[in-house]
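Student: I would like to learn how to read a structure of this kind, feature by feature. Where do we start?

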There are 4 protein chains.
Amino acid sequence: MADLEDGSTSPAPRKRADARRNEKTLLDAAAAAFVTSGVDVPVRDIAAKAGVGVGTIYRHFPTRADLIVAVYQHQVEACVQAGPALLASSSTPYAALAAWIDLFVDFLVTKHGLAKAMQSGDSAYQSLHGSFIDRLVPVCGQLLEAAGAAGEIRPGIGGFELMFAVGNLCSGADYGDARYDARRMVDLLVAGLRAG
Amino acid sequence: MADLEDGSTSPAPRKRADARRNEKTLLDAAAAAFVTSGVDVPVRDIAAKAGVGVGTIYRHFPTRADLIVAVYQHQVEACVQAGPALLASSSTPYAALAAWIDLFVDFLVTKHGLAKAMQSGDSAYQSLHGSFIDRLVPVCGQLLEAAGAAGEIRPGIGGFELMFAVGNLCSGADYGDARYDARRMVDLLVAGLRAG
Amino acid sequence: MADLEDGSTSPAPRKRADARRNEKTLLDAAAAAFVTSGVDVPVRDIAAKAGVGVGTIYRHFPTRADLIVAVYQHQVEACVQAGPALLASSSTPYAALAAWIDLFVDFLVTKHGLAKAMQSGDSAYQSLHGSFIDRLVPVCGQLLEAAGAAGEIRPGIGGFELMFAVGNLCSGADYGDARYDARRMVDLLVAGLRAG
Amino acid sequence: MADLEDGSTSPAPRKRADARRNEKTLLDAAAAAFVTSGVDVPVRDIAAKAGVGVGTIYRHFPTRADLIVAVYQHQVEACVQAGPALLASSSTPYAALAAWIDLFVDFLVTKHGLAKAMQSGDSAYQSLHGSFIDRLVPVCGQLLEAAGAAGEIRPGIGGFELMFAVGNLCSGADYGDARYDARRMVDLLVAGLRAG
DNA sequence: CATGAATGAGAATTCATTCAT
DNA sequence: GATGAATGAATTCTCATTCAT
């Protein structure tokens, strides 16, 4: 089936073709720059990497947060989708929860500085919560609830705090201290959920 | 008895009294500024608060990390001292470990942005690890070892990673999101040590 | 009877009706934008208000001055026409001059920033002189000459300088300082013409 | 007698010597730049002309208005002083008023763009009114009042509007159109005061 | 030793103008 | 012809850091 947006809905879709390609270039460059220098990388650096002028970035993504959101949107969505799926396919709700958090860790540990930005408290990044945390928290909440209903975990832990804690544990995991394995610490945290 | 710190630790014991007083002023101002604006506060702000020129700060503390280290030194030392004490006074090694980590959390959650700085990966803050983490890690290691020897916790967890994880969990705890209680998450982590 | 302006004045009388309609839209939008934000309003704002792309504006009016000229052309022409008419209908040449200048002031005080732009010295606006001042100066000159011939005013004042002075006096009249009434100052100037 | 500030009052006057010299350099460079490029000249250009870094300018004059004020302060004060003096030495109050306005014109016509800036309505320049206009308006008011009391001029003209009008008439006088002589137009205006 | 003036690299952001579609 | 995406020069402002006094 063809892409709906191009095929029928949009009345002026034509010239967007290359603009969208350009946006893709931008996102790739930004993603790369984020990995290299963190999400605080200067706008000009991203522009240079993308081979465009800084104005182009500002046109597409007026604020830095817009850019960050766009860069990671897809992966966040995939994570959101995976929640119910894991719940359906896992042996127990707790197993689903553990697996899902594993997925989330996968996402975070490859994103230099993302966790940091999200916890920076900088108002410029407030919208990241709206787009990421708030999108993921309900999913996490459902998994926690299911595990709680099954009596597998201690009660009273919320989705937000668990997400936030996992995010925190992954922070700095990418700065290469071999002595710190974020995944192992998250395992500890998740194991702690069972203790009652 | 003379001041222990000057008498035995310091390699440059002869400091004029007023110089020390000056340094004290600096540290107080810096501590206050850190609380108000985080550890990234502009040097000039600290100087102004202390009523000295910026040059004076640079003379005493060539890098920002030096200043941070100096500001929190005492509390870190107190934490170090507390380790063996708790081990001696607690019912079990695990209880001592839990209590000690609680102390560390106390330290961190009142220091705006300190946890963040320590995990920033910014090379300027690398030395914080040398001064804080590395000072505390051995203590933590001993407690872990004792608890391990007593069969109270799962084996294979190192002092460094536990310290780092706790530090991470406390990051952002001061940005006032009521939904996130760092201490509770640390509890989870510590509880997780027993599992397995 | 056909539109006089197109029928006789314009050297390119064959313009497609929709192109002219388009240009009208542009001029209206520009006029509105000039009132709101002054003649220095960003091109993009005008384009947005007109519902066209910026390219369209550049096609019709390569320079900003071209646009300004076009926006105010009609009113300038009306002013030009009024000169001889007032001379014929007034009791004395001086009365005609005073009335005509009054008309000119009417024109200027409602045009935010026009007077300012015309005196800005910015080379981009040089052509405004060619289109406005130079169109009006001869009219003003005739009125001055008539009044001079009648012995009503002091000799030696040129049309250009009087126009320019009046334009200057109207500058800033629209920035709302209630203490400044441009018309009153122009009255003073015109009264000064009589003093000898 | 020695300079009081250096000699006895200031507790830390010594190193201000070169700082003050530097400020002088800054003011000279700014004055020159204002003449060349108007008061909107980029900060960097002024810095370059002065042979200092931009930061130095920001240190001394946080806002552009501060710099403009400083550059013209002396001359404004001289103008203020001249008011009463002229009143005392002139044959009639009107003669004093005319002479004083002549002085003000002298000041303005050599200051490229100053009149423009003062009438720009730009909030950044609001403080110029506070420093210039408001300083001069009372003087002008006194002269007007004296001339009015002597029955030499028409009543009802305020100091502010006269100052503003004169300022306006001098606007653009420096952009070198030989056909416009600001002084002559101001003469007309002042002559107009007598009429009526 | 202390001071704080000076430096200047760096980052953000805006907009006039061009040009591929 | 019309569109609006892209460009990048231009400008402002901030701070870490150095160094003359």
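Student: How many nonpolar, polar and charged residues does the surface near DNA strand F have?

Tutor: Sort the residues by class and count each class. In this predicted model, the surface near DNA strand F holds twelve nonpolar, eleven polar and ten charged residues.

Student: Which residues come nearest to DNA strand F?

Tutor: There are 33 residues around DNA strand F, and those that come nearest are Asn22(A), Arg59(A), His60(A), Thr56(C) and Arg64(D). On the DNA side, sugar and phosphate make up 58% of the strand F atoms that come within 4 Å of the protein.

Student: Which protein atoms lie by a phosphate oxygen of DNA strand F?

Tutor: Separate side-chain atoms from backbone atoms. Two cases are side-chain ones: a polar atom of Arg64(B) is 3.5 Å from a phosphate oxygen of the strand, and a polar atom of Arg59(C) is 3.4 Å from a phosphate oxygen. Val43(D) uses a backbone N or O atom, 3.3 Å from a phosphate oxygen of strand F. As for elements, two or more residues of this surface come from each of α2 (16-37) and α4 of chain A, α3 (43-50) and α4 of chain B, α4 of chain C, and α3 (43-50) and α4 of chain D.

Student: And which residues come nearest to DNA strand E?

Tutor: Read it by the same steps. Of the 33 residues around strand E, the nearest are Arg64(A), Thr56(B), Asn22(D), Arg59(D) and His60(D). Sugar and phosphate account for 58% of the strand E atoms within 4 Å of the protein. By class, the surface near strand E has twelve nonpolar, eleven polar and ten charged residues.

Student: How many Å separate Thr56(D), Tyr58(C) and Gly53(B) from a phosphate oxygen of DNA strand E?

Tutor: For Thr56(D), a polar side-chain atom is 2.6 Å from a phosphate oxygen. For Tyr58(C), a side-chain N or O atom is 3.4 Å from one. For Gly53(B), a backbone N or O atom lies 3.5 Å from a phosphate oxygen of the strand.

Student: What does UniProt place at residues 42-61 of chain A?

Tutor: An unreviewed UniProt entry places the feature "DNA-binding region" there. In the model, residues 42-61 of chain A are 75% helix and 0% strand, with end C-alpha atoms 14 Å apart.

Student: How many helices and strands does chain A have?

Tutor: Chain A has ten helices and zero strands. Buried residues are 44% of its 196 residues. For contacts, look at sequence separation: among contacts in chain A with a separation of 6 or more, 67% join residues 24 or more positions apart.

Student: How does one check the span of helix α9 of chain B?

Tutor: Compare the expected span with the distance between the end C-alpha atoms. Helix α9 of chain B (residues 159-170) has twelve residues and should span 16 Å at 1.5 Å a residue; the end C-alpha atoms are 17 Å apart, which agrees.

Student: Why is α9(B) described as largely enclosed by the rest of the structure?

Tutor: Because twelve of the twelve residues of α9(B) are buried. Among them are Glu161(B) and Asn168(B), as well as Phe160(B) and Leu169(B).

Student: Last, a loop: where is Ser90(D), and what does its side chain reach?

Tutor: Place the residue between its elements, then list its partners. Ser90(D) is in the loop between α5 (64-89) and α6 (93-109) of chain D. The Ser90(D) side chain reaches the backbone oxygen of Leu86(D) at 2.7 Å. Leaving out residues up to four places away in sequence, Ser90(D) touches Ala95(D) and Ala96(D).

Note on methods:
Residues numbered from 1 in each chain as written. Chains lettered and ligands numbered in written order. Predicted model: local features only at pLDDT ≥ 70, side-chain atom pairs only at ≥ 80, totals over all residues. Heavy atoms only, no water. Near = heavy atom within 4 Å. Polar contact = N/O pair within 3.5 Å; in protein donor to acceptor, adjacent residues only side chain to side chain. Nonpolar A, V, L, I, M, F, W, Y, C, P; charged D, E, K, R; others polar. Helix = DSSP H or I, 4+ residues; strand = E, 2+ residues; numbered from the N terminus. Expected span 1.5 Å × (residues − 1). Buried < 20%, exposed > 50% of the residue type's maximum accessible area, 1.4 Å probe, protein only. Contact = heavy atoms within 4.5 Å. UniProt positions renumbered as here; feature names shortened; annotations may be inferred.
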